[in-house]
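Reader: I would like to go through this model one label at a time and hear the reason behind each. Please set the value against the rule before you conclude.

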Amino acid sequence: MKIAVLGAGIAGISAGFHAQEKHPNAEVIIYEKSNDWGGLCSGFYVDSSKGKFWFDNAVHLSFAKDPYVQKVFAESSKPILHTPSITNYFQGSWLKHPAQNNLFHLPVEMKVKAIKDMIDNHNKKENLENFEEWLKAQYGTFFTENFSMKYTRKYWSVEAKELNTNPKWVGSRFYQPSVEEVLQGAMTDDTPVTYYAQEQRYPKEGRYKSFLKNLVRQTTIEYNKEVKCIDTKKKVLSFSDGKQTSYDALISTLPLPEIIKTMPDAHKDVKDAAKNLHHTQVALISLGFNKPDIPKNLWFYVYDEDILFARVYSPSKKSPNNVPEGCSSLQAEVYFSTLKPLEKLAPKGSNLSQYFLAHTKDWLVRMGGG
């Protein structure tokens, strides 16, 4: 029996490892289009006169609660433990996260409006049809329109009313404070951590992808194998290098719109449905500094819509081994999609890389580095 796994990111590596564990006599092969494993859990180096700066592909911290996952990660690389220290930038003010119960640093007028609206919340509480309605039911109209809906546009590239209210992502990720918590957080900055992940982990050595090392050692991965065609009837994979291979069982971790493109015999309804699937992508602006204390927090969110980046985090705070000695680093994330193309976020005719770099550096200076 031959089991083919497409993609050597965390999902593909886990699938290949556990498929081999469940079927010890099977031939399990992971096919990866690039020349290395890790996928989105990997990253890259930036050279400088001070040495090499490491940047993961976006923030990447593990807050898995499953004991098995924690065990697998810890056996691969001893973790550094972080207690979330997160802030939000809003119109020149820095608020603790989550903002809804940490309004202390807002102007008094805004605090009064937000709290009054939360208390006198007449938005419907049942039969909620979309994310916007869910937000207004929890936080009132004023906070939702000034905070949550703005960030949704930046992060998801769509309006909140276009998203659903699946409890797997809404219920556990958005803190719903009591009136007492809202009032306390408006009067003092001394409030408890109410972020949904109370502890976060990052490898002491070897970057985030090193959490997967033990699994990788026990899997077979073939690199530079980009799948161009999947013949589901004959069970044959065709690759961009012109080679083919057969399979008995196929596990794909590729994005659904991409995998459907490789299947010419897929039903028309499936192809049409795939065209209507949307996803966000992220552009990364990575900055290294020749001083050790530039970042103030592990990461922060940005609500202002005239600032292109939605989130900024510090690789050097995740682990000092991510930067040369005496240095620090920040990485900003700009989210885009087919509904909000990256090129439309920059002036027409401008160099995208140069524009986003200049924009990020300018705003980080104004914000004091976060």
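Author: A rule comes first: helices and strands here are DSSP runs, H or I over at least four residues for a helix and E over at least two for a strand, numbered from the N terminus. The model is predicted. By that numbering, His60 lies in the loop between β4 (51-56) and α2 (67-76).

Reader: What is noted about the phi of His60?

Author: His60 has a positive phi of about 55 degrees, and it is not a glycine. Most residues other than glycine have a negative phi, and most peptide bonds are trans.

Reader: Which peptide bond is cis?

Author: The one from His97 to Pro98, where omega is near 0 degrees. Pro98 sits in the loop that links β7 and α3.

Reader: Why is α3 described as roughly antiparallel to α6?

Author: Helix α3 (residues 108-119) and helix α6 (residues 179-187) pack at about 175 degrees. Angles over 145 count as roughly antiparallel, so the label follows from the angle. Their axes are 11 Å apart. On the α3 side the contact is made by Lys111, Ile115, Met118 and Ile119, and on the α6 side by Val179, Val182, Leu183 and Ala186. By class there are seven nonpolar, no polar and one charged residues.

Reader: And why are α3 and α4 called oblique?

Author: Helix α4 covers residues 131-156, and its angle with α3 is about 135 degrees. Roughly parallel needs under 35 degrees, roughly perpendicular 65 to 115, and roughly antiparallel over 145; the rest is oblique. The pair α3 and α4 is therefore oblique. Here the axes lie 6 Å apart. Among the contact residues are Met110, Ala114 and Met118 of α3, with Tyr139, Phe142 and Phe143 of α4. The contact of α3 with α4 counts six nonpolar, three polar and two charged residues.

Reader: What makes β7 and β14 edge strands?

Author: The six-strand open sheet runs β7-β6-β15-β16-β17-β14, with mixed pairing. β7 (93-96) and β14 (281-289) each have a single partner strand, so one side of each has no neighbour in the sheet. Neighbouring strands are turned by 25 degrees against each other on average, direction ignored.

Reader: How do you know that β14 and β17 pair?

Author: Two strands pair if DSSP finds at least two bridges between them. β14 and strand β17 (residues 328-336) are joined by nine bridges, in the antiparallel sense, so under the two-bridge rule they count as paired. Gln281 has Phe336 of β17 as its bridge partner. Helix α11 (residues 352-367) packs on this sheet, and its direction makes about 60 degrees with that of β14.

Reader: Which strands pair with parallel sense in the four-strand sheet, and in what order?

Author: The order is β9-β2-β1-β13, an open sheet with parallel pairing. β9 (221-222) and β13 (249-252) stand at the edges, since each has a single partner strand. Strand β1 (residues 2-6) and strand β2 (residues 27-31) run parallel over five bridges, which passes the cut-off of at least two. Ala4 stands opposite Ile29 of β2. Helix α1 (residues 10-22) touches β1, β2 and β13, and its direction makes about 175 degrees with that of β2.

Reader: How is the chain divided into domains?

Author: Domain 1 is 2-42 + 207-275, and domain 2 is 86-187. Their C-alpha centres lie 40 Å apart. Separately, an unreviewed UniProt entry lists residues 10-330 as "domain: Amine oxidase".

Notes. Residues are numbered from 1 along each chain as its sequence is written. This is a predicted model: local features need pLDDT of at least 70, side-chain atom pairs count only at pLDDT 80 or more; totals for chains, interfaces and linings use all residues. Side-chain values use heavy atoms; hydrogens and water are left out. Axes are lines fitted to C-alpha atoms, for helices over the stretch in contact, and angles run from 0 to 180 degrees between N-to-C directions. Contact means heavy atoms within 4.5 Å. Ala, Val, Leu, Ile, Met, Phe, Trp, Tyr, Cys and Pro count as nonpolar, Asp, Glu, Lys and Arg as charged, and the others, Gly among them, as polar. UniProt positions are given in the numbering used here, feature names are shortened, and annotations may be inferred rather than shown by experiment. Domain bounds come from an automatic or database domain assignment.
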